[in-house]
Amino acid sequence: MSAASEPQVVTRFAPSPTGYLHIGGGRTALFNWLYARGRGGKFLLRIEDTDRERSTPEATAAILKGLTWLGLDWDGEVVSQFERRDRHAEVAHEMLARGTAYKCFSTQEEIAAFRAAKEAEGASYAVFLSPWRDADPTGYPDAPYVIRMRAPRTGETVIVDEVQGRVVIKNETLDDMIVLRSDGTPTYMLAVVVDDHDMGVTHVIRGDDHLNNAARQQMVYDAMGWRIPVWAHIPLIHGPDGKKLSKRHGATGIEEYQAMGYPAAGMRNYLTRLGWAQGDAEIFSTEEAVQMFDLKGIGRAPARLNFKKLENTCGHHIAMMDNAALLHELEGYLAAAAQPALTPAQHDRVANALPAVKDRAKTFPDLIEKLQFSLISRPVVADPLAAATLDSVSRGILRELTPRLQNASWTKEALEPILADAAAAHGIGFGKLAAPLRAAIAGKTVTPSVYDMMLVIGRDETVARLTDAAQ
């Protein structure tokens, strides 16, 4: 088949709404999104909500919110797997008519007895061999039944995987899996395949914990004569200690990372590099990631979460981000972290301050700390270290400065000689003068540049803060 006749790439993300969007799920969604967007394809979203007892609308909302925050837009409507149960059952009955599936009337007690007998013979695990597989339909009882796949008993099933390579599974280890329960509800294995086929999914990119499922699901494709998608099973994410990621490693839900103050662009960059690589590329924009991402760059070993590297990556993106976009996401962080929203006056000051501080912050809490001088109101209360710099001599210098500042042009070029002259007149270097200036303006000893702060808060506020401190 020529490249021109290949179908449009269609990927999907199919989470279960039984809890938050795990960071591993977020990366799986990202890989699917990048692969589709980089090839002019579609990225679809399906909520696998067939577990009615554990699925909740709140979990579904959290998944959608997490994907939206990550910037992963999907095509078309969100598909509910549960609402498609009639279609799943229809396919099960079609396989029955084709002879690729059969009715099984075995009871749970009979299945348990079969396994117990095999265990008594020394078998660690026994594939259930249904006596109904080749039974004459005329002898069917009037009793509840399940529909089972007619799995091959000999030979091998081969999974050709873009990440894992060629995976061979002996058919003798595959059972005649149930596709339709006795109450008429479909099993997960059937529903997934039917949905992927009907949605036109060409590439199934998911965690490698689903690799064994692929062999069983491939049987459904074969039974229906459907085209098998491209498989790509990606390794899971482990904690820094190399063990399976869990709550003991810290945050695991995507929404927690937003509330912790990581920017979405930085999170996308970091998750893209978590288990995938192309050359020496470390820091890149989302547009660059879309162009670069492929399946060949995905490694087979589990990726390890590294919070220091995450912070460094996010720091690059905060510095690179457009100021208006950065302010918008900063406000989103404040809402997610349940912190007070910016007042109109704070909003304006922060907008002016961002260019001066954003290249030194790695997270939004870090950025907020550097923005404090623009967020606080008079009177500025200095912390103990800063207050210690406001002795009688330095307060006297501040008193001398204020009239000169009131008449100065408010540019760095105009302010620099005024502050330098004040320091020289008292026989001190500018560094000695900067300490009380920082204390007066920000109440701290570690702040952005004194000139940057003065330019951001303006002449009147600067003079007022210096006057307060001098008194």
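Colleague: Which element gives the largest share of the lining of the largest pocket?

Modeller: This is a predicted model, in which local features need pLDDT of at least 70 and side-chain atom pairs count only at pLDDT 80 or more, while totals for chains, interfaces and linings use all residues. Residues are numbered from 1 along each chain as its sequence is written, and side-chain values use heavy atoms, with hydrogens and water left out. The largest pocket (on a 1 Å grid over the protein atoms alone, an open set of points where a 1.4 Å probe fits, with protein on both sides within 12 Å along at least five of seven lines; lining residues have an atom within 4 Å of a point) is lined by 32 residues, and strand 1 (10-13), helix 1 (23-37) and strand 9 (203-207) each give two or more of them. With helices (H or I, at least four residues) and strands (E, at least two) taken as DSSP runs numbered from the N terminus, the largest share, four residues, comes from helix 1.

Colleague: What is the volume of the largest pocket?

Modeller: The residues nearest the centre of this pocket are S16, H22, G25, D209 and H210. Taking volume as the space filled by probe spheres set on the grid points, which are joined across faces, edges and corners, the largest pocket has about 920 Å³.

Colleague: Which residues lie closest to the centre of the second largest pocket?

Modeller: The second largest pocket has a volume of about 320 Å³. Of the 20 residues that line it, the closest to the centre are P7, T202, H203, R227 and V230.

Colleague: Which helix gives the most to the largest nonpolar core?

Modeller: This core (buried Ala, Val, Leu, Ile, Met, Phe, Trp, Tyr and Cys joined through side-chain atoms within 4.5 Å, buried being under 20% relative accessible area with a 1.4 Å probe, protein chains only) has 50 residues, and L330, L367, L371 and L405 have the most contacts inside it. Among the elements giving two or more residues are helix 11 (323-336), helix 13 (364-375) and helix 18 (450-470). The most, ten residues, comes from helix 18.

Colleague: Which helix gives the most to the lining of the largest cavity?

Modeller: The structure holds one cavity (points where the probe fits but cannot get out) of 30 Å³ or more, and its lining includes L30, L34, R268 and F284. Helix 1, helix 8 (264-273) and helix 9 (286-292) each supply at least two lining residues. The greatest contribution, four residues, is that of helix 8.
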